[in-house]
Amino acid sequence: MRRICLLLIMAMILSGACSRGDEASQQAAAAPVHVAPATSETVSRTIQAVGNVRASASVGLVPRVAGEIQSVNFREGQDVSAGQPLIQIDPRPYEAALREKKGALAKSEAQLAKAADDRRRYSKLVTGGYVSREAFEQTATDAAALRATVQSDRAAMESAALDLSYCTVIAPISGRIGALQVDKGNMVKSSDATPIASIDTISPCYVTFSVPEEHLQAIMEHMASGDVELTAKPTGGTPQKGKLMLVDNNVDTNTGTIRLRGIFANENRKLWPGQFVEVRLPLGIVQDALVVPSRAILPGRNEAFVYVADDDGHASYHKVKVLFESEGKSVLESDLQPGQKIIVEGQVRLAPGLPVKIID
């Protein structure tokens, strides 16, 4: 009897030890996580994107006539005005061609004057029978042919004068001129692929950027109600104010984004063509928005989701739709409720139903 009692006591001790071992094993299997509560907030809907600065106008100076560059009348990097003479190409061949065309025109005009005079004389003579009708009609034909010659020679002279004017390369727009690509003394021609220099209009300038297509409706609504302001901040610089001026006419099917363009006065030249900037586009205020930290959002195969630490210490899966992000927070469309414990760290090792241990 005594022996049986001892066996029962040992069995109870072993059973308790196994139970404590299972509890310890379960406790050890719980994944450590950090949580943050879902909240209901008033949030400013602001789109953030990376944009690229572009000149509002850009022109490459390509010569329209061939010849030697005689002079360069600008400094590289200076501001120029529309109509300002920039480069002089040797005009002497074109001056000679113009004189030749003027001479040909003068000759044909003299011949036309003589033909017109002959026609007037013959018109009187044919009435008196002194010349034949055929001779009179020939004077009319000669006069008509010479009028066509005069017209052709005048067009040739005007073309020669135009070529001569092209020897002076002027600025077609106002802006900042870049580096000179062809030095004085070199020969240039109209078929050159490389411009002599380029002019960019920097004030004003454009900033182009792309945003996800889900923002399109809100953007169009704001544009319909008035000007939409935005800011562009260059690296290490201060935000510059501008206005949204263009929403592209199609969505990029490869990226699911749409291209936008803002215009900036840029009078202080804080934005420079080619520069990358941080763009912020405010689209109003959202009341009572469901908000969670953006780092809690995980991408799924077909949907985004978050893990919630339930009251029983397990992770539960919740599908969410991110409406927009703002300053590290995401505004969601979901069945989540304010106050639920959203797992923000350690969720990559989780699966639905696994135990979790909340770490402060």
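This report looks at the cysteines, one buried arginine and the nonpolar cores of a predicted model.

## How to read the values

Residues are numbered from 1 along each chain as its sequence is written. In this predicted model, local features need pLDDT of at least 70, side-chain atom pairs count only at pLDDT 80 or more, and totals for chains, interfaces and linings use all residues, while side-chain values use heavy atoms and leave out hydrogens and water.

## Cysteines

With a disulfide taken as a pair of cysteine sulfur atoms within 2.5 Å, the count is zero. Cys167 counts as buried because its relative accessibility is 0%, and Cys205 is buried at 0% too. (Buried means under 20% relative accessible area, with a 1.4 Å probe and protein chains only.)

## A buried arginine

Arg261 sits in strand S12, residues 257-264 (strands are DSSP runs of E, at least two residues, and helices are runs of H or I, at least four, numbered from the N terminus). Arg261 is buried but has no salt bridge, that is, no side-chain nitrogen of Lys or Arg within 4 Å of a carboxyl oxygen of Asp or Glu. Its nearest side chain of opposite charge, Asp248, is 8.5 Å away.

Beyond four places in sequence, Arg261 touches residues including Arg54, Tyr206, Lys243 and Leu244 (contact means heavy atoms within 4.5 Å).

## Nonpolar cores

A nonpolar core is a set of buried Ala, Val, Leu, Ile, Met, Phe, Trp, Tyr and Cys residues joined through side-chain atoms within 4.5 Å. The largest has 22 residues, and Leu244 and Leu260 are among those with the most contacts inside it. Elements giving two or more residues to this core include helix H4 (216-225) and S12.

Leu244 is also in contact with Phe209, Ile219 and Arg261, among others. A second, separate core of 20 residues includes Phe74 and Ile177.

Conventions. Buried < 20%, exposed > 50% of the residue type's maximum accessible area, 1.4 Å probe, protein only. Lys, Arg positive; Asp, Glu negative; His and termini not counted.
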